[in-house]
Amino acid sequence: MKAENDEIIRKLKEWGLGNKDIICMLIGGSQANKNKITDEYSDVDVVVFAKRRKFYDKDLSWIEKIGKLASYHEDRIGVPFIYCVHKIYFTNGAHLDLLFWDRRVLSLGAFYLWLRDHTPLLRFIPTLWEKIIIAHFSFFPKYIYRGYYLLVDKKNYRPRMEMIGRKFQYKQSPFSQDKLQDVVSRFWGIAYSTAISIRRNELMCAKIVGDNIMKFKLMELIELYAKLTNGEDFDVHDKGRYLEKWAPAFITKRMKNIYGHYDAGDAWRALMETMDLFGLICETLTKEHPAIKLINPEQHFRKLIQGIENTRTAVIGSSANGHI
């Protein structure tokens with residue numbers, strides 16, 4: 001899809017250069033990744049600094065200047081002063097993720113950093129406002145830390161971008177023993193809930209919890225293990241992306257078994273496989289890093305789940321013998 005993306009990027013640049021409201025526009029994400037992690041399915045991630053940010057967030061007629069629209073929706077990201085990410089799918093097959101920032105953001109960010117480094121005036125800023133400022137500006141490096149390039153830069157924003165990128169360097173969450181404990185405790189509670197749903201034959205609920213929430217906790221454990229093993233700067237990407245490339249083989253070779261069909265028996269098998277893999281990672285982690293202190297409720301919940309399994313198989317056996 002390179003040609004389709006190139007077409008959208010070209011029209012974005014034309015729109016930005018010809019629009020007096022647009023001050024700066026950059027491409028981030030996989031299209032600008034310095035490690036060249038991209039393929040024909042990669043989307044285009046764009047940040048636009050505009051004079052009338054609120055106007056463009058509400059009036060979407062600008063999309064027509066870039067390409068013919070096939071589908072559109074918004075993702076809210078909970079960052080101060082950012083309304084949403086515009087998720088745009090064009091009829092040529094290209095996919096655009098675009099967000100607008102007020103044109104003053106980088107100037108204010110650079111000024112804040114200068115105050116922080118050169119004067120004591122920041123002590124007069126209320127703590128809440130300082131947290132909002134930091135939350136806002138520390139989000140920007142997430143779009144550029146793997147690489148970016150400018151499509152439009154009418155006011156020479158690059159030096160301010162680079163300074164904010166240095167001062168607010170984006171870092172993925174480091175290993176934390178508290179987080180590890182939370183992930184482990186939550187996982188086994190979720191496993192128990194999944195077992196109950198399967199026992200009740202609430203298969204949709206079991207699939208949503210077992211194949212979504214429970215797997216998310218498994219992914220978090222894999223990330224924590226990778227950070228602990230390879231160092232805090234080890235890149236685990238987001239939402240399990242490229243996991244097959246960066247996770248150790250003893251984990252990835254068992255991933256194919258952790259999902260099941262919309263069937264109580266297969267859902268139970270997938271639950272057991274997921275529990276076994278999670279337990280294996282915990283065991284490996286504590287063996288390789290004996291300084292880690294972990295309260296693991298695995299055996300408690302396995303006993304409860306085994307009780308559910310016993311009643312489940314008894315019901316299945318009675319049904320097969322015609323007793324129900």
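## Lys-217, its helical surroundings and the sheet

At a relative accessibility of 13%, Lys-217 counts as buried, because buried means under 20% relative accessible area. The model described here is a predicted one.

Lys-217 lies in helix α7, which spans residues 203–230. Leaving aside residues up to four places away in sequence, Lys-217 touches Val-183, Arg-186, Phe-187, Ile-190 and Phe-278. One of these partners, Phe-278, stands 61 residues from Lys-217 along the chain, yet their C-alpha atoms are separated by 9.1 Å.

**Helix packing**

Helix α6 takes part in two of the helix contacts reported here, one with α7 and one with α10. The table sets out the two pairs.

| Helix pair | Axis separation | Angle | Handedness of crossing |
|---|---|---|---|
| α6 and α7 | 9 Å | about 160° | left-handed |
| α6 and α10 | within 10 Å | roughly 165° | left-handed |

With axes 9 Å apart, α6 and α7 pack at an angle of about 160°, which makes α6 roughly antiparallel to α7. On the α6 side the contact involves Lys-179, Leu-180, Val-183, Arg-186, Phe-187, Ile-190, Ala-191, Thr-194, Ser-197 and Ile-198. The residues contributed by α7 include Cys-205, Val-209, Ile-213, Met-214, Lys-217, Leu-218 and Leu-221.

Helix α6 covers residues 177–199, and helix α10 covers residues 264–288. Their crossing angle is roughly 165°, and the two are therefore roughly antiparallel to each other. In this contact, α6 supplies Leu-180, Val-183, Val-184, Phe-187, Trp-188, Ala-191, Thr-194, Ala-195 and Ile-198. Among the residues they meet in α10 are Trp-268, Leu-271, Met-275, Phe-278 and Cys-282. Phe-187 belongs to the contact with α10 and also to the contact with α7.

**Cysteines in the contacts**

Cys-205, a member of the α7 side of its contact with α6, has a relative accessibility of 34% and so counts as partly exposed. Cys-282, on the α10 side of its contact with α6, counts as buried because its relative accessibility is 4%. A disulfide is a covalent bond between the sulfur atoms of two cysteines. A search of the whole structure finds zero disulfides.

**The sheet**

Strands of a sheet pair through backbone hydrogen bonds, either parallel or antiparallel. Here six strands form an open sheet with mixed pairing, in the order β3-β4-β5-β2-β1-β6. Its edge strands are β3 (69–75) and β6 (149–153), each of which pairs on one side only. From one strand to the next, the twist averages 20°.

At one edge, β3 and β4 run antiparallel and are joined by six bridges. Asp-75 stands opposite Val-85 of β4 in this arrangement. Strand β4, residues 85–90, is mostly covered, with five of its six residues buried. β4 also pairs in the antiparallel sense with strand β5 (residues 95–102), over four bridges. Within that pairing, Leu-96 of β5 is the bridge partner of Ile-88. The hairpin of β4 and β5 has four residues between the strands, and there Gly-93 takes a positive phi near 105°.

At the other edge, strand β1 (residues 22–28) pairs with β6 in the antiparallel sense over four bridges. The bridge partner of Ile-27 in β6 is Tyr-149.

Definitions and conventions. Residues are numbered from 1 along each chain as its sequence is written. This is a predicted model: local features need pLDDT of at least 70, side-chain atom pairs count only at pLDDT 80 or more; totals for chains, interfaces and linings use all residues. Side-chain values use heavy atoms; hydrogens and water are left out. Two strands pair if DSSP finds at least two bridges between them. Axes are lines fitted to C-alpha atoms, for helices over the stretch in contact, and angles run from 0 to 180 degrees between N-to-C directions. A disulfide is a pair of cysteine sulfur atoms within 2.5 Å. Buried means under 20% relative accessible area, exposed over 50%, partly exposed in between (1.4 Å probe, protein chains only). Angles under 35 degrees count as roughly parallel, over 145 as roughly antiparallel, 65 to 115 as roughly perpendicular and the rest as oblique. A crossing is left-handed if the near helix is turned anticlockwise from the far one by less than a right angle, and right-handed if clockwise. Contact means heavy atoms within 4.5 Å.
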